[in-house]
Amino acid sequence: MNDVMQTDRILIIDFGSQVTQLIARRVRESGVYCEIHPFQKVTTESIRAFDPKGVILSGGPASVHEMETPRAPEGLFTDDLSLPVLGICYGEQTMVQQMGGQVTASDHQEFGRAMVEVINDCVLFQGVWSPGETHQVWMSHGDRVEVLPDGFRPVAQTENAPFAAIANDDRKFYAVQFHPEVVHTPDGAKLLSNFTHKICDCRGAWTMAAFKDEAIQKVHDQVGDGRVICGLSGGVDSSVVAVLLHEAIGNQLQCVFVDHGLMRMNEADEVVGLFRDHYNIPLVHRDASNLFIGALEGVDDPEVKRKTIGKLFIDVFEEEAKNIGGAKFLAQGTLYPDVIESVSFTGGPSVTIKSHHNVGGLPERMNMDLVEPLRELFKAEVRALGRELDLPESFVRRHPFPGPGLAIRIPGAISRDKLETLRKVDAIYLEEIRNAGLYDAIWQAFAVLLPVQTVGVMGDARTYDNVCALRAVTSADGMTADYYPYNHEFLGRTANRIINEVRGINRVVYDITSKPPGTVEWE
């Protein structure tokens with residue numbers, strides 16, 4: 001690792017909160033590198049080996065007054081490590097309990113927005129909150145601190161939490177009952193930055209430029225003079241991997257683009273044009289659309305569709321890799337959320353590593369070493385790295401697109417005619433979104449061709465044609481999502497264009513389902 005990552009790093013101990021990843025994002029946004037480690041794997045010795053400048057204890061679903069609940073390593077609260085610590089929600093409660101204070105079940109739980117009153121100065125609040133002020137925070141707790149350990153003082157309170165924020169200034173121990181990492185605590189990012197910069201003395205020098213240089217060096221060191229195959233899908237992750245590897249090893253990289261015939265309009269040409277023509281990256285373009293569409297004929301079960309596409313992809317990719325020959329390494333666009341271990345309180349951490357949707361199953365089958373230069377990054381950081389690599393903004397900002405492509409946006413059996421109809425609808429929809437300046441405000445937008453026909457009237461004649469649904473959601477990570485609130489003028493204009501320009505469509509509907517209870521995709 002470079003000097004920045006060696007000296008400026010924060011350790012986040014995860015106790016199972018649903019929003020622990022948000023802590024890491026906020027810390028990294030302030031220019032400080034951090035990692036999330038599950039509490040079961042953290043010891044005093046592992047903390048010393050990680051060598052952080054501070055530690056953050058996450059929230060979690062447990063109650064510290066119950067038996068055998070998660071604990072932080074005792075060395076964290078003794079003179080063994082002498083590190084600054086910030087406890088959040090459950091993190092505050094375990095800090096208090098482990099240091100001799102008292103936590104009890106509260107008669108008045110707090111969930112959602114709350115107002116916190118600042119009652120004392122604190123370096124955690126410096127330049128953000130002042131005594132006597134009241135600020136909005138986000139609470140999610142049923143227990144509360146009743147008695148503080150020796151050396152602590154209260155610095156903020158709510159109606160139901162007398163110790164909503166506490167401080168032990170001599171030890172540099174701080175804790176809050178609320179969640180500063182969520183957007184519903186508007187000043188939360190500033191509070192976290194105060195912890196990392198003013199309390200932990202981090203320089204905030206971790207940048208995408210520094211990461212890029214380090215990642216290139218890591219690829220050099222790992223690959224040497226070996227050859228690398230990269231499965232290119234045209235999405236943000238695989239595109240950034242391909243360009244980064246090409247900068248690192250040049251023509252030792254060979255990209256393979258398996259065109260399954262299920263992409264959006266002109267997308268295959270755009271991928272080939274960018275990587276083969278613009279970047280001059282060695283690229284095999286395998287048009288396997290006939291193979292895929294033929295295998296999917298008559299298949300209407302969505303899970304069978306996915307498995308059919310996945311198996312065929314592996315077959316075709318492996319065939320092309322053998323034709324190339326001599327490659328020792330396989331590049332994947334694995335991201336940090338894919339490798340973070342989720343916390344299980346009934347056993348050890350459960351590893352949630354998932355395979356990249358285009359190359360799942362290949363590492364074991366092909367006996368190749370993996371190159372995963374993005375495995376330390378979140379999605380937003382991948383986009384930032386893409387900009388550092390001068391990828392076109394149209395690729396960097398591209399909405400997520402599923403590996404099975406349009407096959408899962410045609411409920412029921414697919415056909416070439418249905419694919420062509422959906423491509424035209426999708427192209428018009430995205431064009432209208434861009435024309436309205438809404439593309440970047442939306443996390444994902446797409447059309448679905450429904451297996452439904454309805455009666456219509458077009459040109460004084462009765463029609464019996466297809467229905468298409470439009471979908472657009474806002475989200476931070478795809479785990480939860482809400483529909484985008486278009487105005488009716490936009491929806492009317494878009495529907496009118498689709499019906500007039502796409503033969504076979506006579507009705508357009510808009511999906512206003514959130515996730516949960518729905519999913520982003522329809523299949």
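Trainee: Okay, two strands count as paired if DSSP finds at least two bridges between them. With that in hand, which residue in S3 is the bridge partner of Ile 12?

Mentor: Ile 12 has Ile 56 as its bridge partner in S3. Keep in mind that the model we are looking at is predicted.

Trainee: Got it. How many bridges join S1 to S3?

Mentor: There are 4 bridges between strand S1, residues 9-14, and S3, and the two strands run parallel.

Trainee: And on to S4, how many bridges are there between S3 and S4?

Mentor: S3 and S4 are linked by 3 bridges, again in the parallel sense. Strand S4 covers residues 85-88. You can follow the pairing residue by residue: Ile 56 has Leu 86 as its bridge partner in S4, and Leu 57 has Gly 87.

Trainee: So Ile 56 turns up twice. What does S4 pair with besides S3?

Mentor: S4 also pairs with S9, in the parallel sense, over 4 bridges. One place to look is Ile 88, which stands opposite Val 176 in S9.

Trainee: What about the two faces of S3, are they covered or open?

Mentor: Both are covered in S3, which spans residues 54-57. Gly 54 and Ile 56 are on one side, Val 55 and Leu 57 are on the other, and all of them are buried. That back-and-forth fits a general pattern: in a regular strand, side chains alternate between the two faces of the sheet.

Trainee: And which residues sit on each side of S4?

Mentor: Val 85 and Gly 87 are on one side, with Leu 86 and Ile 88 on the other. They are all buried, so both faces of S4 are covered too.

Trainee: Changing topic. How many cavities of 30 Å³ or more does the structure hold?

Mentor: Just 1. Its volume is about 30 Å³.

Trainee: Which residues line it?

Mentor: The lining is Leu 86, Leu 124, Val 176, Phe 178, Pro 180, Leu 191 and Leu 192. You have met Leu 86 already, as the S4 partner of Ile 56, and Val 176 as the residue opposite Ile 88.

Trainee: What classes of residue are in that lining, polar or nonpolar?

Mentor: It has 7 nonpolar residues, with no polar and no charged ones.

Trainee: Let's do rings. How many aromatic pairs are there?

Mentor: The count comes to 15 aromatic pairs. Take Phe 77 and Phe 173: their ring centres are 6.0 Å apart and their planes are at 85°, so this pair is edge-to-face.

Trainee: Why edge-to-face?

Mentor: Because planes over 60 degrees apart count as edge-to-face, and the planes here are at 85°.

Trainee: Where in the chain are those two?

Mentor: They link distant parts of it. Phe 77 is in the loop between S3 and S4, while Phe 173 is in strand S9, residues 173-176, and 96 residues separate them. Both Phe 77 and Phe 173 are buried.

Trainee: Which residues form an aromatic cluster?

Mentor: Tyr 429, Tyr 484, Tyr 486, Phe 490 and Tyr 510 form one.

Trainee: And which Arg lies over the face of Phe 50?

Mentor: That is Arg 9, at 4.1 Å from the ring centre. Elsewhere, Arg 409 lies over the face of Phe 446, at 4.0 Å from its ring centre.

Trainee: Next, Lys 212. Is it buried or exposed?

Mentor: Lys 212 is in helix H6, residues 208-223. Its relative accessibility is 16%, and buried means under 20%, so Lys 212 counts as buried.

Trainee: Now the backbone. What is the phi of Ser 82?

Mentor: Phi of Ser 82 is near 55°, which is positive even though the residue is not a glycine. Ser 82 is in the loop between S3 and S4, and it is exposed, at 56% relative accessible area.

Trainee: What about Asp 201, what is its phi?

Mentor: Asp 201 also has a positive phi, of about 60°. You will find Asp 201 in the loop between helix H5 and H6, partly exposed with a relative accessible area of 46%.

Trainee: Last one! Is the peptide bond from Lys 515 to Pro 516 cis or trans?

Mentor: It is cis, with omega near -15°. The following bond, from Pro 516 to Pro 517, is cis as well, with omega near 15°. To find them, go to the segment after strand S20, where Pro 516 and Pro 517 are placed.

Notes. Residues numbered from 1 in each chain as written. Predicted model: local features only at pLDDT ≥ 70, side-chain atom pairs only at ≥ 80, totals over all residues. Heavy atoms only, no water. Buried < 20%, exposed > 50% of the residue type's maximum accessible area, 1.4 Å probe, protein only. 1 Å grid on protein atoms, 1.4 Å probe; cavity = no way out; pocket = protein on both sides within 12 Å on 5 of 7 lines; lining within 4 Å. Points joined across faces, edges and corners; volume = space filled by probe spheres on them. Nonpolar A, V, L, I, M, F, W, Y, C, P; charged D, E, K, R; others polar. Phe/Tyr/Trp six-rings, centres within 6.5 Å; stacked < 30°, edge-to-face > 60°. Lys NZ or Arg CZ within 6 Å of the ring centre and 35° of its normal.
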